[in-house]
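Here are some worked exercises to go through with the model open beside you. Try each task before you read its solution.

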Amino acid sequence: QVQLVESGGGLVQAGGSLRLSCLASTRIFSIFAMGWYRQAPGKERELVATITKGGSANYADSVKGRFTITRDNTKNTLYLQMNDLKPEDTAVYYCNTEPWVIRRDSEVHWGPGTQVTVSS
């Protein structure tokens, strides 16, 4: 079974920064693009950033210019640097691989996530 362990969340004031980390199983990290997702209370989980094995990144419009996704392929670790945080960024953040892989691979599940809370 694929393992995903997120860390680095916390409580921060608006305008502050956090850096999230995710340790992933080699089984998916070595093959697929990876992404950060988030789920706010009462809302569906959304994809906020993705990065290919080669390092090409894409972002949701809501975080573009504020968040940076990176990966260390030697450590199977995914990162999300979050700057200029806003109250609307408050959510549980999860890492995982691409949506189409999650749908098709029965061994890919969600990790526990890490809570990010931004106070105004």
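**Exercise 1. Is Tyr37 buried or exposed, and what is the state of its aromatic neighbour Trp110?**

Step 1. Tyr37 has a relative accessible area of 5%, so it is buried (buried means under 20% relative accessible area, exposed over 50%, partly exposed in between, with a 1.4 Å probe and protein chains only).

Step 2. Trp110 comes out at 32% relative accessibility and therefore counts as partly exposed.

Before going on, note that this is a predicted model, in which local features need pLDDT of at least 70, side-chain atom pairs count only at pLDDT 80 or more, and totals for chains, interfaces and linings use all residues. Residues are numbered from 1 along each chain as its sequence is written, and side-chain values use heavy atoms, with hydrogens and water left out.

**Exercise 2. Find the aromatic pairs around Trp110 and classify their geometry.**

Step 1. Set the rule: rings of Phe, Tyr and Trp (its six-membered ring) pair if their centres lie within 6.5 Å; planes under 30 degrees apart count as stacked, over 60 as edge-to-face and the rest as tilted. The count by this rule is 3 aromatic pairs.

Step 2. Take Tyr37 and Trp110: the ring centres are 4.9 Å apart and the planes stand at 85 degrees, so this pair is edge-to-face. Tyr37 belongs to strand S4, while Trp110 is in the loop between helix H2 (99-104) and S10, so the two are 73 residues apart in distant parts of the chain (helices are DSSP runs of H or I with at least four residues, strands runs of E with at least two, numbered from the N terminus).

Step 3. Now take Tyr94 and Trp110, which are also edge-to-face, with 5.8 Å from centre to centre and 75 degrees between the planes. Tyr94 sits in strand S9, and 16 residues separate it from Trp110. With a relative accessible area of 12%, Tyr94 is buried.

Step 4. Put the rings together: Tyr37, Tyr94 and Trp110 make up one aromatic cluster.

**Exercise 3. Which charged side chains sit over aromatic rings?**

Step 1. Use the criterion that NZ of Lys or CZ of Arg is within 6 Å of the ring centre and within 35 degrees of the ring normal.

Step 2. The charged end of Arg45 is placed over the ring of Trp110, 3.7 Å from its centre.

Step 3. Arg71 lies over the face of Phe29, and its distance from the ring centre is 4.3 Å.

**Exercise 4. Which strands pair with S9, and how many of its residues are buried?**

Step 1. Two strands pair if DSSP finds at least two bridges between them. Strand S4 (residues 34-39) is antiparallel to S9, with 6 bridges, and Tyr37 has Tyr94 as its bridge partner in S9.

Step 2. S9 also pairs with strand S10 (residues 114-119), again antiparallel, over 3 bridges. Here Val92 is opposite Gln115 in S10.

Step 3. Check the burial: 7 of the 7 residues of S9 are buried.

**Exercise 5. Locate the disulfide and say which strands it links.**

Step 1. A disulfide is a pair of cysteine sulfur atoms within 2.5 Å, and the structure holds 1.

Step 2. The partners are Cys22 and Cys95, with their sulfur atoms 1.7 Å apart. This pair links strand S3 to strand S9, across 73 residues.

Step 3. Both Cys22 and Cys95 are buried.

**Exercise 6. What is the strand order of the open sheet, and which strands stand at its edges?**

Step 1. The order in this sheet of 4 strands is S1-S3-S8-S7, with antiparallel pairing.

Step 2. Strand S1 (4-7) and S7 are at the edges: each has a single partner strand, so one side of each is left without a neighbour in the sheet.

Step 3. Look at one pairing: S1 and strand S3 (residues 18-24) are joined by 4 bridges in the antiparallel sense, and Leu4 has Ala24 as its bridge partner in S3.

**Exercise 7. Where do Asn76 and Asp84, with their positive phi, lie?**

Step 1. Most residues other than glycine have a negative phi.

Step 2. Asn76 has a positive phi near 50 degrees. It lies in the loop between strand S7 (67-72) and strand S8 (77-82), and is buried at 13% relative accessible area.

Step 3. Asp84 has a positive phi of about 50 degrees. Its place is the loop between S8 and strand S9 (91-97), and at 42% relative accessibility Asp84 is partly exposed.
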